[in-house]
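Hi everyone, thanks for coming. I'd like to walk you through one structure today, so have a look at the screen and follow along with me.

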Amino acid sequence: MRILLLSNSPSKWMMRISSRYFSSIELPKFYATPIFYVNSVPHIGHLYTTIYADALHRFTRLCHPDAVTIFSTGTDEHGLKIQKSAQSKNTDLSTYCDQVSAKFRQLFDDASTSHTHFIRTTDNQHKKSVTNLWNILVEKGFIYKSKYCGYYSINDEAFVPDNLIRTNSAGEKISIETGHKLEWYEEENYVFRLSQLQDQVIDWIDNRLIMKPQNFHTALKADIRNIKNFKDVSVSRSKSRLCWGIEVPNDNSQLIYVWFDALTNYLTVAGYPNHDLTVWPPCHVIGKDIIKFHCIYWPAFLIAAGLQPPNLVYCHSHWLYDRQKMSKSLGNVVDPFDCIERFTADGIRYFLLKEGTPHSDSNFNIDAVKTCLNAELADTFGNLLNRCTSNKLNPQQYYPQNISLNEMNEILPESMETIDYIQNLSKQCYQAYSDGNFHIGIAHVMTGLRLVNSLFNIIRPWELPKILNNEINQKRLECLLFLSLESIRIAAILLKPIIPNISTSIFRKLNIQPEFCLWKSAEMNVTQHELYSHHQQLHVNRISTEKLIIFSKLI
Ligand code: MSP
């Protein structure tokens, strides 16, 4: 497998990977999650966004172990929503933000995410970056002062256009999209000339943006076609209403709009305004509810400032609880800390990425978590490891090697289809993961492991010594162990973005050197076949005595 660094394409900060399987697919070097509101403690949906981005980041690092990558996450701490939350708890604003932000940080550490940056919008460096971007947009004539009025949703921190407003039975104005209550605002604000950037934003959405999965891109394109004229957007709030935010430069009566502030976090992470943007643009991972901000406002701000808008956005749908939207008022919000305690970090990561479908909403249910983990991590993956490391079948605790395909074909002909499947797994997973479809990649790996498990039932190795204690049977057993252990090694590589801790324990247990734990090594190490002639020797032949349970069965 060869890795080329591109230098002159619009996506120069992406890496191109080429191998005998796939000609060229690019992977970014900078992944970013949205930053999380600190108006309340994290829930399972927040954890999903970060784990999803983490899996993409880990996948990139597995493919490009020498690349320097960025993975940022953090907290969004300004605005009316946070201000009201702190006030309702009678807590001083900055103490309140510190406490809730620390919970998010703790959660991501507990969930083994590989973030390199945790940004807070209350950081001084970030404030400089927001002020700088603001000044540039003022200088370029994209921000002006004007009277602004409309219905505002505090929950969504956004004005809502007339066509997306309904009146409920109590006569209150409600956002059709989010169901949140609206308030009428009328004040003098700074306004951003979104209307002037309409053509450029549409051109970017149509021709430059890659958005996965496709259904969100199609819907976005249809939505923007329906908007005849982009309206300018208010980008500040009067201090008479809001006290918690970044001040508008040279006007201490106004604070910068929380979404302008929050979106700029990606620039802050990249070193703006102090350093050249050596790693830019980021690849965004967002939930479906914040597409408008990332795919209309954000590229518009960047284009106006003369900066490159992002070219890759992964969007995901939401987790429901028992098919209902999670909400504090319904009391059905799933606590991610509880989940990690019950199912371990890898367990909950596995469930969320295996059962979560980015294109449509998924349903969270405790029994479904148990069933999934028992069937797949314990009974399939764990069972295979137990079988080929058991003292009965593998008394010498060794990892056979140097078996050629021809030999496998001769001695264990019933394994050929399975071998073929295992040899194709990394290609299948590469495609699925780079499309953001972890559920598809994981399903392929599980199918591979099930195929190997069923070979045990066909070959019944526990009967081999009894039937005939001869060389052929010994060889058959050796071939089966080789195929099984290689499949486990490959599955541990391909699932490393999903279950990093389990994969690391497997590599340790099987005594595998680091270069055989990388994506490029996720093929069976078979020899004497022209396609595989470049294979190096796999220096593992002893399995460690460490007791390893991939996953303890849940009852
Ligand atoms: N602060 C803004 C983002 C600013 S980024 C410049 C925000 N914060 S949020 O806390 O409300 O949401 C953060 C992420 O969590 C979003 O991607 C959102 O889609 C995701 N989720 C919130 N609830 C969710 C589910 N129930 N399921 C899956 N993800 C969900 O928006």
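Before anything else, a word on names: helices and strands here are DSSP runs, at least four residues for a helix and at least two for a strand, and they are numbered from the N terminus. With that in hand, find Pro213, which sits in the loop between β13 (210-212) and α6 (214-226). Also keep in mind that this is a predicted model.

Why start with that proline? The peptide bond running from Lys212 to Pro213 is cis, with omega near -10 degrees. There's a second bond of that kind, joining Tyr272 and Pro273, where omega is about 0 degrees. You'll find Pro273 in the loop between α8 and β18. To see why these are worth pointing out, remember that most peptide bonds are trans, and that most residues other than glycine have a negative phi.

That second part brings me to a few backbone oddities. Glu157 isn't a glycine, yet its phi is positive, about 50 degrees. Look for Glu157 in the loop between β8 (143-153) and β9 (158-160). Then there's Arg323, also not a glycine, with a positive phi near 65 degrees. Arg323 belongs to the loop between β20 (319-321) and β21 (324-325).

So, which of these is buried and which is exposed? Buried means under 20% relative accessible area, and Glu157 has 2%, so Glu157 is buried. Exposed means over 50%, and Arg323 comes in at 66%, so Arg323 is exposed.

Okay, on to the ligand. How many residues surround the ligand? There are 23, and the closest are Ile35, Asp76, Gly287, Asp289 and Trp319. By class, that shell has 11 nonpolar, 10 polar and 2 charged residues. If you'd like to trace where the shell comes from, β5 (36-37), α1 (44-63), α7 (258-263), α8 (265-269) and β18 (283-287) each supply at least two of its residues.

Let's zoom in on some atom pairs. A backbone N or O atom of Gly287 is 2.9 Å from an oxygen atom of the ligand. For Trp319, a backbone N or O atom lies 2.9 Å from a ligand nitrogen atom. His318 uses its side chain: an N or O atom there is 3.2 Å from an oxygen atom of the ligand. And how much of the ligand does the protein bury? Taken alone, the ligand exposes 660 Å², and the protein buries 93% of that.

Now for the inside of the protein. As a general rule, nonpolar side chains in soluble globular proteins tend to be buried together. Here, the largest nonpolar core has 179 residues, and Phe192 and Phe381 touch the most other members. Which helix gives the most to this core? That's α16, residues 471-494, with 13 residues. Back at Phe192, if we leave aside neighbours within four places in sequence, its contacts include Leu137, Phe142, Asp232, Val235 and Phe301.

While we're on helix α16, click on Ser484, which is part of that helix. Ser484 has 0% relative accessibility, so Ser484 counts as buried. Beyond its neighbours within four places in sequence, Ser484 is in contact with Leu384, Cys388, Val452 and Phe456.

Compare that with Lys292, over in helix α9 (residues 291-305). Lys292 has 31% relative accessibility, so Lys292 counts as partly exposed. With those same-stretch neighbours within four places set aside, Lys292 is in contact with Phe159 and Tyr297. Lys292 and Thr178 are 114 residues apart in sequence, and their C-alpha atoms are 13 Å apart in space.

Last stop: helix α17, residues 500-509. It's mostly covered, with 7 of its 10 residues buried. Those buried ones are Pro500, Ile502, Ser503, Ser505, Ile506, Phe507 and Lys509. And what does the covering? The list includes α1, α10 (336-355), α11 (366-388) and α16. Just after α17, Asn511 takes a positive phi of about 60 degrees.

If you want to go back over one thing, try helix α16: it gives the most residues to the largest core, it holds Ser484, and it helps cover α17. That's my tour, so over to you for questions.

Technical notes:
Residues numbered from 1 in each chain as written. Predicted model: local features only at pLDDT ≥ 70, side-chain atom pairs only at ≥ 80, totals over all residues. Heavy atoms only, no water. Near = heavy atom within 4 Å. Polar contact = N/O pair within 3.5 Å; in protein donor to acceptor, adjacent residues only side chain to side chain. Areas by Shrake-Rupley, 256 points an atom, 1.4 Å probe, with all protein chains shown as cover. Nonpolar A, V, L, I, M, F, W, Y, C, P; charged D, E, K, R; others polar. Core = buried A, V, L, I, M, F, W, Y, C linked by side-chain atoms within 4.5 Å. Buried < 20%, exposed > 50% of the residue type's maximum accessible area, 1.4 Å probe, protein only. Contact = heavy atoms within 4.5 Å.
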